[in-house]
Amino acid sequence: QRRVMGDSVFSSLFRSVPTAIMLRCVASSRLALLQTGRSRSNLAWNSSQRYFSGTSNKVYTSADEAVADIRSGSTVLVGGFGLCGIPEHGIASLLKSGVKDLTVVSNNCGVDEFGLGVLLKTRQIKRMISSYVGENAEFERQYLSGELEVELTPQGTLAERIRAGGAGIPAFFTPTAAGTLIQEGGFPIKYNPDKSVDIKSEPRETRMFNGREYIMEHAITGDFALIKAYKADTRGNLVFRNTARNFNPDMATAAKITIAEVEEIVEPGQLRPDEIHLPGIYVHRLLKGNSYQKRIERLTLDNGQSIGMAGEKGDAAIRRQRIVRRAAKEFKDGMYVNLGIGMPTLASNFVPPGMKIELQSENGLLGMGPYPKPGMQDADLINAGKETVTTIPGSSLFSSSQSFAMIRGGHVDLTILGALQVSQFGDLANWIIPGKMVKGMGGAMDLVSSGSRVVVTMEHTAKGNAQKILSECKLPLTGKRVVDRIITDLAVFDVDKTRGLTLIEIASGTSMEEVRANTGCSFQVSSNLSEF
């Protein structure tokens with residue numbers, strides 16, 4: 001009762017009630033608390049304090065019981081990356097409960113018919129705080145039509161905002177997104193039905209450290225967290241499996257009440273202390289899921305066939321394969337490399353014999369192996385493109401916040417990613433076409449601001465021969481003066497952040513006139529120009 005009434009009222013009441021009566025009331029309340037899980041749930045939380053359950057029993061019999069006190073208007077942190085490691089049962093119970101006006105913090109929002117996508121469909125979510133819209137057509141439609149508030153946040157910044165919230169750090173400075181709309185503010189969070197902007201993002205405070213610009217980001221905390229782990233003991237200590245760890249441990253630390261669902265619950269002592277990934281201090285409610293669908297978004301297999309561009313034939317496939325093969329020449333022995341979705345990922349298939357690189361994936365994998373053989377796929381093991389992958393001897397697995405600490409800290413040597421536009425001074429745009437296409441920045445803003453070498457792979461022109469290499473990007477930036485090299489199907493340019501572009505290689509069979517006609521800015525030509 002002290003948690004509800006406050007100390008002063010409680011103290012006055014305590015002094016006015018005979019001790020024997022008070023003790024009987026406390027005993028009766030405690031007995032009722034132990035007899036019903038629903039009463040336990042009702043002790044929940046207040047706005048300024050962490051949850052204290054009043055009992056050491058964390059195990060709930062059902063997800064419905066565990067989420068029963070999540071109210072309309074709550075902020076809910078939800079673990080998972082794509083459909084990997086999502087709390088399927090907690091989401092299903094929220095759907096049944098009918099709570100509305102939720103603010104949901106999650107890297108993405110599932111797909112149209114599964115994961116958090118089902119809550120979008122029933123209009124139970126008011127605001128999404130995410131890094132990636134991806135292929136969820138309903139997510140994109142609701143945002144562009146003004147039905148849904150969306151706060152897009154760089155993936156590494158999202159992970160760190162959540163980690164900071166759990167660590168009691170109210171804000172921090174990061175180089176990620178400096179010089180972009182995230183810093184400047186004014187990005188549409190919510191549209192009106194007539195496409196005008198209803199709610200805009202606020203500009204970020206900036207500060208210079210060691211001659212470099214940083215922006216301030218505020219921590220994220222939530223009323224509840226729904227997370228998924230592989231195994232737990234009854235004290236709430238958790239073990240995650242493969243890349244299903246992702247955002248889950250970070251979400252758990254930043255909520256007043258964390259509800260963890262697992263595939264197996266064991267007694268204390270059956271988990272070795274050194275194999276526990278998340279201590280039970282962060283977990284308030286625990287439940288065992290009876291079954292999990294574990295859907296795979298992009299089942300990608302090694303069928304023993306030659307590597308090509310799926311669904312593409314003829315000139316398009318030849319052009320893209322030329323880009324991919326040239327990109328592979330950027331690798332050097334011993335490099336730690338992050339490869340973006342699409343063509344960059346395929347470059348790993350052309351690593352020269354005898355060379356060893358380690359591939360880092362933002363969702364928590366270092367030492368990424370090839371696609372699995374048919375029948376060997378694992379829904380708990382995917383890459384950042386949500387494709388099924390494998391591990392190799394020496395691989396390691398970790399959380400999303402640790403993954404981006406590697407990236408932000410400059411420990412990744414090379415990043416190769418795609419682009420919509422690149423400027424002559426290395427500005428990059430690759431995450432949104434305002435009012436038309438919203439995929440989200442994902443981890444791209446973090447990767448290109450890390451200080452590691454950045455190489456862009458893309459076709460030289462867009463549909464209709466629209467130029468993509470420009471004097472100045474026309475689309476919102478992913479990063480300002482961040483690109484070091486551009487590889488297209490026609491040419492390879494080195495980028496000087498003050499002097500501009502230098503053509504260093506030209507595709508076999510391509511004329512200089514063709515390169516100039518399809519490039520929207522001036523460039524120098526190297527005296528050592530070669531063919532590729």
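## A sheet, a helix pair and a few odd spots

In this predicted model, seven strands come together as an open sheet: the 7 strands run in the order β4-β3-β2-β1-β10-β13-β15, and their pairing is parallel. Want to find the borders of the sheet? Look for β4 (149-152) at one edge and β15 (285-288) at the other, since each of these edge strands pairs on one side only. Going from one strand to the next, the twist averages 20 degrees.

Now zoom in on one pair inside that sheet. Strand β1 (residues 75-78) and strand β10 (residues 222-228) pair in the parallel sense, and they do it over 3 bridges. If you'd like a landmark there, pick V76, which stands opposite F224 in β10.

Next up are two helices. How do α9 and α14 cross? The axes of α9 (residues 155-167) and α14 (residues 400-408) come within 9 Å, and the crossing angle is roughly 125 degrees. Angles of 65 to 115 degrees count as roughly perpendicular and those over 145 as roughly antiparallel, so α9 is oblique to α14. The crossing is also left-handed.

Which residues make this contact? On the α9 side you'll find Q155, G156, T157, A159, E160 and R163, while α14 brings in S400, S401, F404 and R408. Sorted by class, the contact has 2 nonpolar, 5 polar and 3 charged residues.

Then there are two loop residues with a backbone angle to look up. K195 and N242 each have a positive phi, and neither one is a glycine. Here they are side by side:

| Residue | Phi | Loop |
|---|---|---|
| K195 | near 80 degrees | between β6 (188-191) and β7 (197-200) |
| N242 | about 50 degrees | between β12 (238-239) and α11 (248-253) |

Last stop: the aromatic rings. How many aromatic pairs are there? The count comes to 5. One of them is F493 with F523, an edge-to-face pair with 5.2 Å centre to centre and 70 degrees between the planes. To track down the two partners, go to strand β28 (residues 491-496) for F493 and to the loop between α16 (512-517) and β30 (524-531) for F523. These parts are 30 residues apart in sequence, so the pair ties together pieces of the chain that don't sit side by side along it.

Notes: Residues are numbered from 1 along each chain as its sequence is written. This is a predicted model: local features need pLDDT of at least 70, side-chain atom pairs count only at pLDDT 80 or more; totals for chains, interfaces and linings use all residues. Side-chain values use heavy atoms; hydrogens and water are left out. Axes are lines fitted to C-alpha atoms, for helices over the stretch in contact, and angles run from 0 to 180 degrees between N-to-C directions. Helices (H or I, at least four residues) and strands (E, at least two) are DSSP runs, numbered from the N terminus. Angles under 35 degrees count as roughly parallel, over 145 as roughly antiparallel, 65 to 115 as roughly perpendicular and the rest as oblique. A crossing is left-handed if the near helix is turned anticlockwise from the far one by less than a right angle, and right-handed if clockwise. Contact means heavy atoms within 4.5 Å. Ala, Val, Leu, Ile, Met, Phe, Trp, Tyr, Cys and Pro count as nonpolar, Asp, Glu, Lys and Arg as charged, and the others, Gly among them, as polar. Two strands pair if DSSP finds at least two bridges between them. Rings of Phe, Tyr and Trp (its six-membered ring) pair if their centres lie within 6.5 Å; planes under 30 degrees apart count as stacked, over 60 as edge-to-face and the rest as tilted.
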